[in-house]
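Let's take a walk through this model together, starting with a strand and its partners and ending with the cysteines. Keep the structure open beside you as you read.

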Amino acid sequence: MSYIRSQAFEETGYVVLDRYDQEADPKEWLDLEYVDWKSSGDTRFAPLASAFGEMECNGFWNHTPPRTDKDGVWVEANVAKAPHLKARAEEPGANIGRCRVIELQPNDYAEALYNLHQDDNNRLNPDGTGWIVRGFFNLSDDKDSCIILREDRFDPETEVRIALPAGAQLIVDTQRFWHAVWQKGPEPRYCLITSWESGPALDAYIEKYHGNPHSASLPLDPAFVEEAQAQVRRRLAERAAILAAKGKADHGPVDPEA
């Protein structure tokens, strides 16, 4: 199928924008209503835009009528408490699908690797329309933490680790990348996540904030990486064995938001 895609993502699949002055804004995310929704770790979400404006986080394709991750409806109870966050999501002028704040509890590197997943934002996306990508705007100051991006889930050579201080802003083709966050803590991480449709409006926004398709990857000892990889392989083997004992097939990692 042929979608409208941004050239900004052609080389690496992500862009890092200019850092936002997060200290200038109130901590609106602390006032939001959160719902239990598990995605790549111990998480809750505060929906700002959902399929029909309800306080829920389900994929738009799981509603009636089913549709792709576009044309989200604002959740009035939460956006009333977060005008700055709503304005930041709206600034690109691109079509918005799901928009929410994630709360992620601290984890470790091996846990983050185990939770690597690809999104399914473009399910039911009509041919010839804009490809859905996601913006990640870090709200809390997690400068020792990072988002992990991998082209190949099991190949650390494809891994990029991008630091997450307050105000870090990046846009990622999350259907291309396996991704998860290593939140060192000790406090939870909060991040505004917005689904945007690719097109001229988003292109102009990326250009305005000097979208850079390259980021210095945070260094890690190769032995540390290999040990974490070994832990993940052990956990996946144990999972497969449990499913086999129950007579169920292990279809491998799936999008936890499907």
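What you have here is a predicted model. A good place to begin is the pairing between strand 6 and strand 9 (residues 169-172): the two run antiparallel and are joined by four bridges. To find this pairing on your screen, look for phenylalanine 137, which stands opposite glutamine 169 in strand 9.

Strand 6 has another partner as well. Seven bridges connect it to strand 11 (residues 189-197), and this pair also runs antiparallel. Here a handy landmark is valine 133, with tryptophan 196 of strand 11 opposite.

How do the two faces of strand 6 fare? Both are covered. On one side sit Ile132, Arg134, Phe136 and Asn138, and on the other Val133, Gly135 and Phe137, all of them buried. Because seven of the seven residues in strand 6 (residues 132-138) are buried, the strand is largely enclosed by the rest of the structure.

Now for the cysteines, a natural thing to check at the bench. How many disulfides does the structure hold? The number is zero. Take cysteine 57: the closest cysteine sulfur belongs to cysteine 99 and lies 11 Å away, which is too far for a bond. Cysteine 99 is in no disulfide either, as the cysteine sulfur nearest to it, in cysteine 191, is 10 Å away. For comparison, a pair counts as a disulfide when the sulfur atoms are within 2.5 Å.

Are these cysteines buried or exposed? Cysteine 57 has 4% relative accessibility, so it counts as buried. Cysteine 99, at 0% relative accessibility, counts as buried too.

Notes: Residues are numbered from 1 along each chain as its sequence is written. This is a predicted model: local features need pLDDT of at least 70, side-chain atom pairs count only at pLDDT 80 or more; totals for chains, interfaces and linings use all residues. Side-chain values use heavy atoms; hydrogens and water are left out. Buried means under 20% relative accessible area, exposed over 50%, partly exposed in between (1.4 Å probe, protein chains only). Two strands pair if DSSP finds at least two bridges between them.
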